[in-house]
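Colleague: I am new to this structure and should be grateful for a close look at one part, the annotated binding site together with the sheet and helices described alongside it. Please explain each term as it arises.

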Amino acid sequence: MGTGASKSTEEGGSQGMGEEEERNQAGGQLYVSLKMENYKRKGDLIPHVYGSVPLVGSWDSSKALSMERESASLWELSFVVPPNHETLDFKFLLKPKYSNVLCIVEEGPNRQLIGGTLQGDARLALFRLNADEVLEYRVLIQADRVSPFDLAASWRAYQENLRPSAVRGIPDVSINSAPEMNAENGSSASLELDLEHYVVPAPTTSANSGLFYAANNTETPRSLTLAGVFSNMDGSGNVLHPSKDGSVSVDRPATIKEMQVIVPDSSRIYSGSGVVESKSVGTFSPSQKQDGHRGLLVDRGVGSPRLVKSASASTFTVDLRLDTETKNSMPAAAGAVAAAAVADQMLGPKEDRHLAIVLVGLPARGKTFTAAKLTRYLRWLGHDTKHFNVGKYRRLKHGANQSADFFRADNPEGMEARNEVAALAMEDMISWMQEGGQVGIFDATNSSRKRRNMLMKMAEGKCKIIFLESLCNDERIIERNIRLKIQQSPDYAEQPDFEAGLQDFKDRLANYEKVYETVEEGSYIKMIDMASGHGGQIQVNNISGYLPGRIVFFLVNTHLTPRPILLTRHGESKDNVRGRIGGDTALSDAGEIYAKKLTNFIEKRLKSERAASIWTSTLQRTILTASPIVGFPKIQWRALDEINAGVCDGMTYEEIKKNMPEEYEARKKDKLRYRYPRGESYLDVIQRLEPVIIELERQRAPVVVISHQAVLRALYAYFADRPLKEIPHIEVPLHTIIEIQMGVTGVQEKRYKLMD
């Protein structure tokens with residue numbers, strides 16, 4: 001040891017001894033991490049450490065301890081010693097991990113470690129490979145004081161992770177035999193005969209959208225409300241004005257003259273004779289001329305590059321500037337969605353930064369239902385999406401009690417009023433897009449080419465329009481939709497005679513059928529007989545770009561077949577008891593009881609649903625929860641694994657707060673976007689869950705999803721249409737089943753709590 005270090009020790013005197021005794025009494029240990037860094041690795045030579053007791057116990061190079069790779073250039077060896085440990089003498093050497101053929105010892109004197117500190121002058125580790133070549137490693141050391149409790153906890157977690165999984169032999173896909181009759185799995189796990197006994201109230205922001213008329217949940221017409229025409233509206237479309245005494249007065253609906261709206265002259269819209277070949281249907285359709293260019297229009301689509309000529313060069317370059325509007329229109333997303341958005345927003349034409357999905361179709365064809373599902377899907381992916389329903393504008397502006405005559409094509413007043421509210425809704429949607437909105441869904445019949453031309457003229461240079469046409473030839477489905485319309489629509493809320501309302505709606509439908517023109521212009525998606533979920537066709541024309549492609553993929557897999565989806569967390573695990581996150585531990589005693597109760601519940605709830613399936617993650621606590629269930633196929637999904645906590649896996653939140661305070665605070669500030677070191681964020685989880693959502697939409701039989709808290713929060717948020725920012729805070733308690741009922745009336749929720 002150098003003279004400086006010796007002098008320092010002598011000057012400390014008895015005071016230094018007192019500090020040492022205090023450390024010993026505290027019972028702490030030193031966690032020492034030795035690291036070596038070098039960017040020029042030679043063959044299979046790996047850094048090793050050898051030296052005296054108690055670090056290594058031998059100066060025999062064949063017994064040297066191998067350092068572990070931490071990164072491409074960094075190697076590490078860690079160990080625990082008492083604070084008053086004896087002097088540790090050691091040296092570094094290079095040799096193959098499993099061979100002693102070649103050993104190269106570092107040059108210079110032995111290194112000494114006292115109190116977690118290297119003695120002497122800091123120096124590189126030099127290894128002479130031959131007479132002309134010397135390899136240099138930078139040496140780093142860190143010694144942290146840890147309590148016996150922390151060491152014991154870390155050791156327990158280490159031992160748990162070393163234990164072999166109890167589900168290693170279970171295949172990813174398994175089909176059990178039919179359940180044994182009258183098997184009750186023990187009295188503690190039995191359930192009441194009536195499952196309603198376990199129903200608990202759902203949250204106020206639950207997924208019960210099916211209780212309301214879908215159009216009522218669309219965007220509020222701000223062009224009307226901001227203008228001061230209305231302050232509120234009752235179910236009939238009348239205006240409600242609160243008075244000073246708390247009572248409410250009802251006004252008549254505003255007339256057309258109370259608000260002037262400029263409707264573009266459709267005779268001047270897109271009369272060009274240019275045609276463009278369909279990319280998928282193989283037909284030719286009229287196309288609009290754009291930007292003053294002559295000739296054929298090639299639809300560049302969302303994401304196609306815009307070439308900009310440089311002022312100082314004769315070549316064309318891609319404009320990569322990211323302006324304020326582009327930044328505002330980026331989705332709150334990660335992974336593929338974020339990558340596609342960057343490409344689309346930076347490289348696409350300015351008008352393509354905003355996408356308008358314009359619905360087309362006769363009444364009772366499921367347009368509003370499709371629009372609501374698509375809105376929910378795009379919002380969940382992170383795209384700022386709003387649903388604009390023209391019928392809601394019409395009821396607010398002209399009242400809900402309009403007879404079928406209002407919808408006749410030879411009624412000029414009715415035509416003017418309907419075009420007026422369509423223009424109002426389109427103006428609202430475009431204004432919202434210019435403020436940063438990304439995808440607007442324009443929900444109306446838009447059944448004539450003249451109306452669609454008007455919309456395209458209004459959108460020119462501001463957003464890209466894709467028409468989404470819904471065609472249905474199944475009279476049974478049409479009749480069902482008509483009857484649902486009479487029951488739910490505010491248009492018939494004051495009609496006491498159901499049959500009279502039914503006849504009026506059929507007369508309205510006949511008025512639309514007389515003038516209906518199918519879409520043949522621009523970019524479009526046609527859904528033909530897709531509502532039943534059995535067959536059908538989808539035709540696409542001039543569709544390109546990531547987001548339009550995702551929309552098509554979603555629409556291909558969605559249908560209206562009613563079926564339940566059951567979401568539940570695994571039974572309580574041993575890590576749940578300890579308060580540790582992540583891990584892959586087995587179930588606690590309470591968790592095993594829940595697995596049996598869940599089995600009984602599923603046997604009762606799905607006894608007539610033999611086509612149902614059970615989905616779990618690949619972690620053993622979900623597989624063990626599902627193991628008592630027989631008679632249904634079980635499928636393990638890697639995508640259903642719990643959020644990856646990275647280096648925090650196996651820790652408690654108190655440990656994270658104590659040992660990683662910066663990470664703890666960062667997570668606390670923004671749980672949605674916070675990514676664990678070497679782990680995941682909630683946005684990452686959403687991206688990997690998209691295939692699960694698509695498959696849940698495609699399934700026609702019940703599905704039981706046994707997964708984890710973060711994953712189920714994200715899945716539930718999709719069905720409940722909850723904002724992304726709320727996902728990390730959604731309550732998904734243990735031992736509770738969330739039943740999501742999907743069908744033609746929307747999404748409804750029921751919760752069962754089987755045990756505390």
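Modeller: The account below begins with the annotated site, continues with the sheet and its helices, and ends with salt bridges.

This is a predicted model, in which local features need pLDDT of at least 70 and side-chain atom pairs count only at pLDDT 80 or more, whereas totals for chains, interfaces and linings use all residues. Residues are numbered from 1 along each chain as its sequence is written, and side-chain values use heavy atoms, with hydrogens and water left out.

According to the unreviewed UniProt entry, the annotation "binding site" covers Arg-569, His-570, Gly-571, Glu-572, Ser-573, Lys-574, Asp-575, Asn-576 and Arg-621. These residues gather at one spot, because no two of their C-alpha atoms are more than 14.2 Å apart although they span 53 residues in sequence. UniProt positions follow the numbering used here, feature names are shortened, and an annotation may be inferred rather than shown by experiment.

Two members of the site may be taken in turn. Asp-575 belongs to helix H13, residues 574–578; helices (H or I, at least four residues) and strands (E, at least two) are DSSP runs numbered from the N terminus. Asp-575 has a relative accessible area of 6% and is buried, where buried means under 20%, exposed over 50% and partly exposed in between, with a 1.4 Å probe and protein chains only. Apart from neighbours within four places in sequence, Asp-575 is in contact (heavy atoms within 4.5 Å) with Arg-580, Gly-582, Gly-583, Asp-584 and Thr-585.

Arg-621 is placed in helix H15, residues 620–626, and is likewise buried, at 4% relative accessibility. Residues up to four places away in sequence being left out, Arg-621 touches His-570 and Ser-573 of the annotated site. Its other contacts include Gly-582, Gly-583, Asp-584, Thr-585, Glu-642 and His-708.

The sheet comes next. It is open, has eight strands with mixed pairing, and follows the order E12-E28-E27-E29-E26-E30-E31-E13; two strands pair if DSSP finds at least two bridges between them. Strand E12 (173–175) and strand E13 (199–200) stand at the edges with a single partner strand each, so one side of each has no neighbour in the sheet. E13 runs antiparallel to strand E31 (residues 746–753), and two bridges join them. Within this pair, Val-200 is opposite Arg-751.

Helix H18 (residues 682–698) lies across strand E26 (563–569), strand E27 (613–616), strand E29 (703–707) and E30, at about 145° to E26. Helix H19 (residues 709–720) also packs on the sheet, where it touches E26, E29, E30 and E31, and its direction makes about 150° with that of E26. For such angles, axes are lines fitted to C-alpha atoms, for helices over the stretch in contact, and the values run from 0 to 180 degrees between N-to-C directions.

E30 also takes part in a salt bridge, through Glu-739. A salt bridge is a side-chain nitrogen of Lys or Arg within 4 Å of a carboxyl oxygen of Asp or Glu, and the count comes to 31. The side chains of Arg-605 and Glu-739 meet in one at 2.7 Å, N to O. Arg-605 lies in helix H14 (residues 589–605) and Glu-739 in strand E30 (residues 736–743), so the pair ties together parts that are 134 residues apart in sequence. Arg-605 is partly exposed at 23% relative accessibility, whereas Glu-739 is buried at 7%.
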